[in-house]
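This report introduces a structure to a reader who has not met it before. Please look over the sequence and the model shown here before reading on.

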Amino acid sequence: MKDASLSPSGTTRLATARRPGAAVAARFPGFAARLPGLALAVGVALVATALGRLVPVLGGPVCGIVLGVLVAVAVRPGARMEPGITFAGRGVLQAAVVVLGAQLSLGQVLRVGIGSLPVMIVTLAVCLAAAYGIGRRLGVVRDLRTLIGVGTGICGASAIAAVTPVIGAAEAEVAYAVSTIFVFNIAAVLTFPALGHLLGMGQHAFGLFAGTAVNDMSSVVAAATTYGGPAADYAVVVKLARTLLIIPICLGLAALARRRARTADAAADVGVPGVPPGPVRVGRLVPWFLAGFLVLAAVNSAGLVPSAARAPLSTLAVFLITVALSAIGLSTEPAKLRRTGPAPLLLGGCLWLVVSATSLGVQFLARYL
């Protein structure tokens, strides 16, 4: 009898078994196509994480997108890398949003006190309204002004990560939004402590100010720690509570996106513009990753997430966001960013000033200052 291992198929199986990871690639062909680009994104993210630890004000995610853009400019990744880079920029981004839920609990909102909620809600509402109005006047496209608005109003790169798959924003828009948020995070770290001392703000007042007017957690911690330990502790809790606002914002944007899609489909079918959509099922408005986010937040609220696991999960969430943003940087075409012009950066500056002034104004009216 002929030995099967000497047959062409047997030889192929033997060669496949000897190649590291080949069995997985053979079983999951899509994985094999994604592996090179995914590995490149992870490699960039590892370097970015190391740089972020050396310069905490920057943080890993911002370093990731900057390094990704630099690699894309120096050595444009070829078509072989594209499937993995695309997967990292979308799938890994969605997984990061799920893991973020383990850091939050509804009890944190209660601990910051009911008095801090008006500041967060009013600040977000004013920011989103300003993003819509100022962004339209500046000619910034809808998705980009949405990303800059939620990034400024909620929690920077994490909010952009959550909203991107909901609205289907392009990679260049994500890159520009994250870069814009980063610029004004640095400005806040450098100017807010001096402003707080100039206004004679107490520790809790400044913590509330930093937690509502600064975006990414690393920048919140940097600004508040400069002001004082109690300010930093309070700012972190406010910032985590503020992150919960991602939930209603994502649900609202999902509803709007679905409504626009149904209206466009109906207009295409009937030939009449502006045909109103039919009823929308609420369950379909919740993407899988947002549902996962809610589940983990509920589990954490119930005390089922061990305290020892929270720090590793937080580190994992930040690293996944870094991988995703590194991939977005790798897929960015600098020519597209140049064509976008300075309007988005100007919008980010306007929103930064609006959010800062609103936070201080609401605190003044509430007699926190």
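The sections below treat confidence, cysteines and one helix in turn.

## Confidence of the model

The structure is a predicted model. The protein chain has a mean pLDDT of 79, and a pLDDT of 70 or more is reached by 79% of its residues.

Two stretches fall under 50. Over residues 1-21 the pLDDT stays under 50, and the model has eight contacts for this stretch beyond four places in sequence. The pLDDT is also below 50 over residues 274-282, a stretch with 13 contacts in the model beyond near neighbours in sequence.

## Cysteines

The structure holds zero disulfides. In general, a disulfide is a covalent bond that joins the sulfur atoms of two cysteines.

Cys250 takes part in no disulfide. The cysteine sulfur nearest to that of Cys250 belongs to Cys155 and lies 9.3 Å away, whereas a disulfide requires sulfur atoms within 2.5 Å. Cys250 has a relative accessibility of 0% and therefore counts as buried. Cys63 has a relative accessible area of 8%, so Cys63 is buried, given that the cut-off is under 20%.

## Helix α7

Helix α7 comprises 23 residues, residues 116-138. At 1.5 Å a residue, the helix should span 33 Å. The C-alpha atoms at its ends are 32 Å apart, and therefore the model agrees with the expected span.

Several residues of α7 are buried, among them Ser116, Val119, Met120, Thr123 and Leu124. Cys127, Ala130, Ala131 and Gly135 in α7 are buried as well. After α7 comes Gly139, which has a positive phi near 80 degrees.

Notes. Residues numbered from 1 in each chain as written. Predicted model: local features only at pLDDT ≥ 70, side-chain atom pairs only at ≥ 80, totals over all residues. Heavy atoms only, no water. pLDDT = per-residue confidence, 0-100. Contact = heavy atoms within 4.5 Å. Buried < 20%, exposed > 50% of the residue type's maximum accessible area, 1.4 Å probe, protein only. Helix = DSSP H or I, 4+ residues; strand = E, 2+ residues; numbered from the N terminus. Expected span 1.5 Å × (residues − 1).
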